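Student: I have a model open in front of me and would like to understand the words used to describe it. Could we go through them together?

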Amino acid sequence: MAAPLLLRHPSSREHDTGAHPERIERIVAIEHALEERDWLGWEVRESPAVELEALTAVHPARYVEMIAEVCAAGGGALDIDTIVSARSYEAALHAAGGAVAVVDALLGGEGPPVAASLHRPPGHHALASRAMGFCLFNNVAVAARRALDRWGAERVLIVDWDVHHGNGTNDIFHADPDVLFVSIHESPLYPGTGPASDRGSGAGEGLTVNLPVPGGSGDAAWCSLVEHVVVPLGLEHRPGIVLLCAGYDAHVRDPLASCRVTREGYERMAASLRSLADELGVPLGIVLEGGYDLVALAESLTATLEVAASSVEPTPVALHPLAAEAAGRLADRWPLVGAVAG
Ligand SMILES: [Zn+2]
C-alpha cells in the first residue's frame, strides 16, 4: 500500500499577517516538529496551485479576482481580523491546491489510505464571496466539491473539530444533498453561528449537523461526540471520502478559546475517524485549520497524523451527556445516531 501523503508548500510562509495569532510561526512549528520525526515516514509533496476551475466551483471568479487584486496592490485588511500581504494570494492558491491534491490522491487511484494538506491561510470561515476569520478560500469546500465533481464520489462527510464553527463550509453546503457537514465547536464564540437548530435547508435539510459545546468542555465531551455521534452519522451517510477540518484551538493551551482538549483527546478522536473510514472502506483526508498555541498545535497535529495512518482500535469512551442529548435530537433524521440515545 502507498505511504500516506503530506502536502505542503513554502508559500505558506509568505502569507505575512504581522502580529497576529494566525502567523507564519504556526507552519514553521508544524514543519519543524514533523521534520524532526522524519515526516513520520509519509511521502511529502509540494502542493500545486489550485486550478481555477476547481476554485471557482465554490468561489465566484470575481471574488477570486478581488483577492488577487488586493494582494497585488500590496495587501491590507479584508475584514477586522483577516489580513493579507503581497504573497497571500499565492499562499491561498496552494492551500486550496493542497486540499484538492489530497482528494485527487485519495480518490484518483494512487492508493494511500490517508493524506493531509498542511497550509495557511486556513479555510473554514471563508464564505463563497467573503473572506473572514483569517480565511480566504474555503479549502475543504473546494476539496469536497472536487471529490463530487471530478471523482464521482456520491457523498462526502466533512468533520470539523476546530473550536470555532466552520460557518463558511456550513453555508456553502447548507442546501447540498451530498455533503454531510458536522461541526463540534465552542459556543458562544466567534463567529457566533452554528446553533444545534441549524440543520441545513432545502435538499440539504438534516445534512448540516451542529454540535455546540460550552467553554470548558474537554476530552470527555469532545471524544464522546466524535465516537457516539459523528461515527454513527458517518456510517449512516456512507460517504465516498471522509474529510477532517483539523483545527487545534480546542486544546487546553490555546489562547483563543476556553475548551480543554488534550493531545490524548485529539489522538482518541483521530482513532475514531480512522476506524470510521476503515469500516466504510473509504479514505481519510485531513486539512489543517486553526490552532494558535505553537506547542499544542505541533504536538496534537503530529499525534493526529500518526493515529490516522495507523489501525489502532480506539479505546471505549463513556457516553457524555452532551453526546446523549445530541443523539436524542438527531434521532428522527438519523436512526443509527438515535440508537445511541437508547
Ligand atoms: Zn478556529
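Student: What makes the site of the zinc ion irregular?

Tutor: Happy to start there, and keep in mind that this is a predicted model. The angles among the four donor atoms of the zinc ion run from 52 to 155 degrees. Four donors count as tetrahedral if all angles lie between 85 and 135 degrees, and square planar needs opposite donors over 155 degrees apart. The range of 52 to 155 degrees fits neither description, so the site is called irregular.

Student: Which atoms are the donors of the zinc ion?

Tutor: Asp-162 appears twice, each time through an OD atom, and His-164 (ND1) and Asp-249 (OD) complete the list, at 1.9 to 2.8 Å. The cut-off for a donor is 2.8 Å, so these atoms qualify. Along the sequence, the donor residues follow the spacing D-x1-H-x84-D. Two of the residues, Asp-162 and His-164, are buried.

Student: Why is Arg-8 called buried?

Tutor: Its relative accessibility is 15%. Buried means under 20%, so Arg-8 falls into that class. Arg-8 sits in strand 1, residues 5–8.

Student: How do you know that the side chains of Arg-8 and Glu-31 make a polar contact?

Tutor: The distance is 2.7 Å, and a polar contact requires a suitable pair of N or O atoms within 3.5 Å. The value is inside the limit, so the pair counts. Beyond its neighbours within four places in sequence, Arg-8 also touches several other residues, including Trp-39, Val-44, Leu-118 and His-119.

Student: Now for two loop residues. Why is Asp-38 called exposed, and why is Leu-40 called partly exposed?

Tutor: Asp-38 has a relative accessible area of 59%, and exposed means over 50%, so the label follows. Leu-40 comes out at 21%. That value lies between the 20% and 50% limits, so Leu-40 is partly exposed.

Student: What is notable about phi in Asp-38 and in Leu-40?

Tutor: Phi of Asp-38 is positive, about 55 degrees, although the residue is not a glycine. Leu-40 also has a positive phi, near 60 degrees, and is a residue other than glycine. Asp-38 lies in the loop between helix 1 (24–36) and strand 2 (43–46), and Leu-40 is found in the loop between helix 1 and strand 2.

Student: Which class does Met-66 belong to: buried, partly exposed or exposed?

Tutor: Met-66, in helix 3 (residues 61–72), has a relative accessible area of 31%. This is neither under 20% nor over 50%, so Met-66 is partly exposed.

Student: How are helix 4 and helix 5 packed?

Tutor: Helix 4 (residues 88–107) and helix 5 (residues 139–149) pack at an angle of about 35 degrees, and their axes are 8 Å apart. Among the residues making the contact are Ala-92, Ala-96 and Val-103 of helix 4, together with Val-142, Ala-143 and Arg-146 of helix 5. The crossing of helix 4 and helix 5 is right-handed.

Student: What is the omega value for the peptide bond from Ser-187 to Pro-188?

Tutor: Omega is near 0 degrees, and the bond is cis. The peptide bond from Tyr-190 to Pro-191 is cis too, with omega near 0 degrees. As for location, Pro-188 is in the loop between strand 7 (179–186) and strand 8 (208–213), and Pro-191 is in the loop between strand 7 and strand 8.

Technical notes. Residues numbered from 1 in each chain as written. Predicted model: local features only at pLDDT ≥ 70, side-chain atom pairs only at ≥ 80, totals over all residues. Heavy atoms only, no water. Donors = N, O, S within 2.8 Å, 3.2 Å for Na, K, Ca; no water. Tetrahedral: all angles 85-135°; square planar, octahedral: opposite > 155°, others 65-115°. Buried < 20%, exposed > 50% of the residue type's maximum accessible area, 1.4 Å probe, protein only. Helix = DSSP H or I, 4+ residues; strand = E, 2+ residues; numbered from the N terminus. Polar contact = N/O pair within 3.5 Å; in protein donor to acceptor, adjacent residues only side chain to side chain. Contact = heavy atoms within 4.5 Å. Axes fitted to C-alpha atoms, helices over the stretch in contact; angles between N-to-C directions. Left-handed = near helix turned anticlockwise from the far one by under 90°.
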